[in-house]
There are 2 protein chains.
Amino acid sequence: MYTLVSLFKLSVPIYVHNPHLDALKDDILYHFSLGTGSHNLPAMFGDVKFVCVGGSPWRMKSFTEFIAAELAMEDPKSEYPNICAGTDRYAMYKVGPVLSVSHGMGIPSIAIMLHELIKLLHHAHCTDVTIIRIGTSGGIGLEPGTVVVTKQSVDATFQPKFEQVILGKTVVRSTDLDQSLAQELLQCSKRLNQFETVIGNTMCTLDFYEGQARLDGAFCSYTEADKQEYLLKAKEAEVCNIEMESSVFAAMCKLSGLRAAVVCVTLLDRLKGDQLSSSHEVLNNYQLRPQKLVGSYIKQQLKA
Amino acid sequence: MYTLVSLFKLSVPIYVHNPHLDALKDDILYHFSLGTGSHNLPAMFGDVKFVCVGGSPWRMKSFTEFIAAELAMEDPKSEYPNICAGTDRYAMYKVGPVLSVSHGMGIPSIAIMLHELIKLLHHAHCTDVTIIRIGTSGGIGLEPGTVVVTKQSVDATFQPKFEQVILGKTVVRSTDLDQSLAQELLQCSKRLNQFETVIGNTMCTLDFYEGQARLDGAFCSYTEADKQEYLLKAKEAEVCNIEMESSVFAAMCKLSGLRAAVVCVTLLDRLKGDQLSSSHEVLNNYQLRPQKLVGSYIKQQLKA
């Protein structure tokens with residue numbers, strides 16, 4: 001039965017939309033320190049089915065160790081070498097069909113990574129790839145530690161769009177994410193039953209301080225009342241949390257045919273404060289939650 | 001004479017513009033893993049007079065080793081510990097009055113760092129601080145390896161402005177840099193006489209691929225002719241190079257009273273190509289040039 005279904009299921013490739021790429025003799029993925037001329041990308045990455053991305057290189061390494069244990073694929077002798085060891089821009093780890101990549105902070109940083117990741121998966125002839133961003137965020141009206149699976153990524157005016165500047169002109173791109181994947185992740189969290197998980201909109205900003213109405217940056221020209229008014233407007237627009245990468249992540253994954261989700265834990269309730277003053281232990285515990293949820297989901301998918 | 005001049009020279013503090021900061025019991029600089037409650041910032045940083053920032057943590061560490069040797073302050077026993085070892089968001093090193101901090105890639109990443117750096121320098125009661133970004137860039141019509149000292153940072157439409165979104169509304173900020181500092185750096189490079197240095201405008205973009213008219217991203221909807229037309233328009237606007245951090249760097253330093261400059265080497269001529277295909281040896285050699293120039297400048301200033 002499985003084989004029969006598989007026969008009728010068309011595999012989904014990774015789309016690049018760039019006629020110029022064919023003319024390149026080698027394609028150098030500079031910020032990964034990888035390339036088609038120097039590396040056998042199909043041999044290295046051809047079996048990838050899940051890609052998990054997150055801001056911090058440490059967290060993406062620990063995710064790889066976690067997923068290796070979850071999938072019982074851990075090699076006690078292995079140190080999970082950083083595949084991008086030739087650069088310090090990003091870190092990349094792989095265990096079985098799961099690739100784990102760091103992306104730094106903010107839209108430009110994750111966009112560079114995604115351009116090169118999409119080309120990497122394309123050059124490696126990967127198909128049916130699911131990509132999930134596991135990150136941290138500020139919550140709005142949620143208990144700290146709540147995990148948010150993003151329904152729609154919205155901008156600072158609560159619109160579901162990403163503005164890409166091309167040759168000095170602004171092009172608007174959709175920030176739709178895969179709704180069935182979001183639902184599957186929510187169901188998975190219910191089965192896991194270890195922490196609260198909700199589905200809601202995620203606001204993506206270009207700045208952590210003034211851009212997120214924080215009162216504790218080097219500059220602040222608004223009052224506590226202005227801040228509350230803005231965050232409550234966001235809440236009315238069904239914004240559950242705020243982070244800095246989801247919009248371009250959603251836009252680029254949609255363009256390239258990657259099934260994509262954003263799973264972020266909230267480290268604090270922004271209606272109650274701005275500073276991340278919880279202990280490192282508490283914050284570290286919160287940061288493990290998206291890893292646990294996504295690890296559980298991947299394990300379940302690979303068993304199916 | 002020196003004392004007399006000093007008596008009449010008013011020292012310039014670091015300005016934060018945020019009335020809410022005084023109300024904070026502790027100020028946690030989360031992305032540095034430092035804080036006013038946990039660290040004695042005046043003791044740790046009160047003597048800082050020069051701050052050098054750059055994207056790559058490795059490069060900022062090597063800059064610290066270089067400047068220690070230049071200033072004959074190197075301690076052969078010292079490993080120059082990373083002051084931000086409690087986090088992997090940024091790396092920070094210090095030798096004498098010179099602080100070296102990494103900022104990752106893109107405007108949002110450097111903005112988070114600058115908010116916390118400006119607060120750090122303010123809490124440490126630093127005065128008369130000069131800050132210089134040493135980075136890499138794509139050149140327009142320049143021989144690769146040329147160093148560009150930024151006259152003005154311009155956006156993707158060649159306007160000298162930075163748009164900061166605050167509570168969902170756009171506020172326009174000036175991207176003026178210190179012109180006398182730029183001239184001093186140019187003179188210093190002439191004395192050094194090791195590589196070509198020019199003063200010109202720097203275009204700051206939110207994206208490395210489509211945002212800089214590259215033909216080698218995962219997506220590209222324009223032709224080689226469109227690309228050339230856009231880059232030649234940039235050249236007409238006196239843009240010498242393109243990078244991803246200078247506009248918010250200029251805007252935030254101006255607001256906080258930091259004397260600021262941007263010194264970037266060009267790794268390639270964008271009129272001739274997009275891929276960074278030079279050997280690692282050549283690229284590494286180019287990347288040392290801003291370090292050499294700024295190291296020489298700091299040495300000269302500290303001797304004066």
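This passage looks at Gln212 and Arg214 of chain A and at Thr146 of chain B. The model is predicted, so local features need pLDDT of at least 70 and side-chain atom pairs count only at pLDDT 80 or more, while totals for chains, interfaces and linings use all residues. Residues are numbered from 1 along each chain as its sequence is written, chains are lettered from A and ligands numbered from 1 in the order in which they are written, and side-chain values use heavy atoms, with hydrogens and water left out.

An unreviewed UniProt entry lists Gln212(A) and Arg214(A) under "binding site"; such annotations may be inferred rather than shown by experiment. Gln212(A) sits in the loop between β10 (197-204) and α6 (224-236), and Arg214(A) is found in the loop between β10 and α6 too. Helices (H or I, at least four residues) and strands (E, at least two) are DSSP runs, numbered from the N terminus. Gln212(A) has a relative accessible area of 3% and Arg214(A) one of 2%, so they count as buried (under 20%, with a 1.4 Å probe and protein chains only).

The side chains of Arg214(A) and Gln212(A) share a polar contact of 2.9 Å, and the side chain of Gln212(A) makes another with that of Thr205(A) at 3.1 Å. A polar contact here is a pair of N or O atoms within 3.5 Å; within protein, one must be able to donate a hydrogen and the other to accept it, and residues adjacent in sequence count only if both atoms are side-chain atoms.

Over in chain B, Thr146(B) lies in the loop between β6 (130-139) and β7 (147-154). Thr146(B) is buried at 4% relative accessibility, and its side chain reaches the backbone oxygen of Glu143(B) at 2.5 Å.

Note on methods: Buried < 20%, exposed > 50% of the residue type's maximum accessible area, 1.4 Å probe, protein only.
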